[in-house]
Amino acid sequence: MRFVEAFLGTSLLAAGTVLALALGVGAQTRPGPAPEGPLELAANLARLRDAALTSDYAWRQVAYLTQNIGPRLAGSPQAEAAVNYVAGELRRLGLEVTLQKVMVPHWVRGEETAALTDYPSMAPKTTQKIVLTALGGSVATPSDGLTAEVVVVNNFDELQALGRDRVAGKIVLFNAKFDQRLADNGFAGQAYGQAVVYRGIGASAAARLGAVAALNRSAGGADYRLPHTGALRYADDAPKIPAAAVASEDADLIAHLTSEGKVRMHLVLTPQTLPDAVSYNVIGDLKGSEHPEQIVIVSGHLDSWDLGTGAIDDGAGVVVAMQAAQLLRQLNLRPKRTLRVIAWMNEENGSRGGLAYAADHKSEIAKHFAAIETDLGAGHPLGFNAQGKPEILTLLQPLALILQSQGAGVTRLVEETGSDIGPLGAAGVPTFAPIQDSRTYFNYHHTAADTLDKVNPKELQENCAVVAALAYTLASMPQSLPR
Ligand SMILES: [Zn+2]
């Protein structure tokens, strides 16, 4: 295909020819009504891209979600306000809106403080403050806290090597470093995956050996002494112990002092787990012209952590999905299939929204043509990831060529795209996500610094262009995708 690339910037005819080739359709042989031939599709994709790159719609939406509504942890009043707001906005765009009821965990952060109260060469009448934040779902310490010696391990093997004798009655700190060099080289997700396992299952692993609390070095980039929260998963076979993430600087401090001698910590965490609350996935349909029963999902998750205002995680993803529908209305484009915008609830601490959707639509999986989710921030998009059969990338190559003009022509086959659409992917629905520059994403992820200023308006527009063009292509293609 390389030889045609040069034509694409200037010639829609060439793009149309490429589309016709890749889509395997000759306009003259296609049976039945043809409201949009390959040439017209290419022209419409270019219009979508250009409109996205000049629109401020998504920016205004993410500003409202973050600045006016604020943090949107599942079960919170702000999450409820966000559901109502997005539903209203989608209705204003002319979409058919339904709220899918989902029962969500309702966890509320409390006090969270810690100090080292005994350590080598400690000056009299002093302590060392430790910056930390409770993990979502954590149980509380006694209200006046607990005090215990801290032991530091770098991985699960080191924990097992210590054994019950040296772990029981102590606070365990998992000190696995986030690999910033991986992130800097485009493997931020992998760096996160390597570190986050200790946040996820560290507490139960420590509790099995009798630990009284668990800490993990924050799973994310370091520098400004920010602790990164996130969900933990208590195992059924271990006592539930309080768990928190410490800022990486504080993990270094504790590790240094424990290498010199005994370190004791006073820890206060007072979160509460309330009964499950009622919440909703917000679903808005723009009905297709030829196959309204076939669905292309474009989505992000509406809930966020409570420390920041959920701008890059994942207000940006929600508004990118909203903008796809807004652009179709603005340009009066109506694809063959139904475009379904979904703002998922409870991705962060339960994934109940994504699971409920897949369960409730189990008998209609075949009608789900494809699903897109944006949930890795709002950084410059480099193209898109696809999960499914490799032939999908070949079929979408013409779109990739059009996206090259904005530096977003990369296509990759991956194992997973987004967590809310994961259950659909597992059931055979092809799923997609933009590939985003995520070098700095994990510096702010799940911290108090996930705020609107971290969204670059121009890069947000670029993401809108990629996702709108991808959604429109999927909703318009003449043939089905292999699955
Ligand atoms: Zn997210």
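## Report on a predicted model: loop contacts, zinc site and helix packing

Leaving aside neighbours within four places in sequence, Gly221 is in contact with Phe178, Gln180, His228, Phe442 and Asn443. The model is a predicted one. Gly221 belongs to the loop that runs between strand 7 (213–217) and strand 8 (243–246). Gly221 has a relative accessible area of 7%, and because buried means under 20%, Gly221 counts as buried. Ser248 lies 27 residues from Gly221 along the chain, and the C-alpha atoms of the two are separated by 8.3 Å.

### Zinc site

Which residues supply the protein donors of the zinc ion? They are His301 through NE2, Asp313 through OD, and Asp375, which is listed with OD twice. These donors lie 1.9 to 2.7 Å from the zinc ion. Along the chain they follow the spacing H-x11-D-x61-D. His301 sits in strand 11 (residues 291–301) and Asp313 in helix 10 (residues 311–330); the two are 12 residues apart, and the pair links distant parts of the chain.

The angles among the 4 donor atoms run from 51 to 147°. Four donors count as tetrahedral if all angles lie between 85 and 135 degrees, and the site of the zinc ion is irregular.

Are His301 and Asp313 buried or exposed? His301 is buried, its relative accessible area being 0%. Asp313 is also buried, at 3% relative accessibility.

Asp313 has a further feature: the peptide bond that joins Asp313 to Asp314 is cis, with omega about 0°. Asp314 is found in helix 10. Most peptide bonds are trans.

### Helix packing

Two helix pairs are set out below.

| Helix pair | Angle | Axis separation |
|---|---|---|
| Helix 4 (residues 57–69) and helix 16 (residues 457–476) | about 115° | 9 Å apart |
| Helix 3 (residues 38–52) and helix 10 | roughly 115° | within 10 Å |

Helix 4 and helix 16 are roughly perpendicular to each other, because angles of 65 to 115 degrees count as such. Their crossing is right-handed. At this crossing, Ala58, Trp59 and Val62 in helix 4 meet Pro457, Leu460 and Cys464 in helix 16.

The crossing of helix 3 and helix 10 is right-handed. Here Leu48, Ala51 and Ala52 in helix 3 meet Leu327, Leu328 and Gln330 in helix 10. Helix 10 is also the element that holds the zinc donor Asp313.

### Residues with positive phi

Most residues other than glycine have a negative phi. Asn346 is not a glycine, yet its phi is positive, at about 75°. Asn346 lies in the loop between strand 12 (337–344) and helix 11 (352–360), and at 0% relative accessibility Asn346 is buried.

His446 likewise has a positive phi, of about 65°, without being a glycine. Where does His446 lie? His446 is in the loop between helix 15 (441–444) and helix 16. With a relative accessibility of 5%, His446 counts as buried. Helix 16, which bounds this loop, is the helix whose Pro457, Leu460 and Cys464 meet residues of helix 4.

Technical notes
Residues are numbered from 1 along each chain as its sequence is written. This is a predicted model: local features need pLDDT of at least 70, side-chain atom pairs count only at pLDDT 80 or more; totals for chains, interfaces and linings use all residues. Side-chain values use heavy atoms; hydrogens and water are left out. Donors are N, O and S atoms within 2.8 Å of the metal (3.2 Å for Na, K and Ca); water is not among the atoms, so sites may look incomplete. Four donors count as tetrahedral if all angles lie between 85 and 135 degrees; four count as square planar and six as octahedral if opposite donors are over 155 degrees apart and all others between 65 and 115; anything else is irregular. Helices (H or I, at least four residues) and strands (E, at least two) are DSSP runs, numbered from the N terminus. Buried means under 20% relative accessible area, exposed over 50%, partly exposed in between (1.4 Å probe, protein chains only). Axes are lines fitted to C-alpha atoms, for helices over the stretch in contact, and angles run from 0 to 180 degrees between N-to-C directions. Angles under 35 degrees count as roughly parallel, over 145 as roughly antiparallel, 65 to 115 as roughly perpendicular and the rest as oblique. A crossing is left-handed if the near helix is turned anticlockwise from the far one by less than a right angle, and right-handed if clockwise. Contact means heavy atoms within 4.5 Å.
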